[in-house]
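Q: Please take a close look at one part of this model, the core. Then work outwards from it.

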Amino acid sequence: MARLSAAVHVQHPTTREWVVLDPGEEPAPELAAEITNPDAWENGVLPEPNADAESEGPPPFGFTPDESSPSESEPEPVTQRRRKATT
């Protein structure tokens, strides 16, 4: 596992709490995936992402999964023109 060469502040992907990681620590795979700056890691090498860590938990904040997009089988709503009121 890769070790940190600098102190890092990251937000936990599932609890959204801020976590402080110290130099020399070997963070859990879900936290390591959040640290994308190569200067934070010893030897400047990012650890390999863990495929299982990405599939767990809710999707990232502000993003929706592809399956929630409207399907092609649903008809589009029909818009109607407004009519002027008669007096």
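A: Buried means under 20% relative accessible area, exposed over 50%, and partly exposed in between, with a 1.4 Å probe and protein chains only. The model is predicted: local features need pLDDT of at least 70, side-chain atom pairs count only at pLDDT 80 or more, and totals for chains, interfaces and linings use all residues. Residues are numbered from 1 along each chain as its sequence is written, and side-chain values use heavy atoms, leaving out hydrogens and water.

The protein has two helices and two strands (DSSP runs: H or I of at least four residues, E of at least two). Their order from the N terminus is β-β-α-α. Of the 87 residues in the protein, 13% are buried.

The largest nonpolar core consists of nine residues: L4, V8, V10, L21, L31, A32, I35, A40 and W41. Such a core is a set of buried Ala, Val, Leu, Ile, Met, Phe, Trp, Tyr and Cys residues joined through side-chain atoms within 4.5 Å. Strand β1 (8–11) and helix α1 (29–32) each give this core at least two residues.

V8 is one of the core residues. Setting aside residues up to four places away in sequence, V8 touches V19, V20, L21, I35 and A40 (contact: heavy atoms within 4.5 Å). Three of these partners, L21, I35 and A40, are themselves listed in the core.

V10, also in the core, is a contact of W18, which in addition meets H9 and Q11 once neighbours within four places in sequence are left aside. W18 belongs to strand β2, residues 18–21. W18 counts as exposed because its relative accessibility is 62%.

The loop between β1 and β2 holds R16. R16 has a phi near 65°, a positive value in a residue other than glycine. Its relative accessibility is 38%, so R16 counts as partly exposed.

A positive phi of about 65° is also found at N43, which is not a glycine either. N43 sits in the loop between α1 and α2 (51–55). With a relative accessible area of 77%, N43 is therefore exposed.

For the protein as a whole, 31% of the contacts between residues at least 6 apart in sequence join residues at least 24 apart. The exposed area is about 7800 Å² (Shrake-Rupley, 1.4 Å probe), and carbon and sulfur atoms supply 50% of this area.
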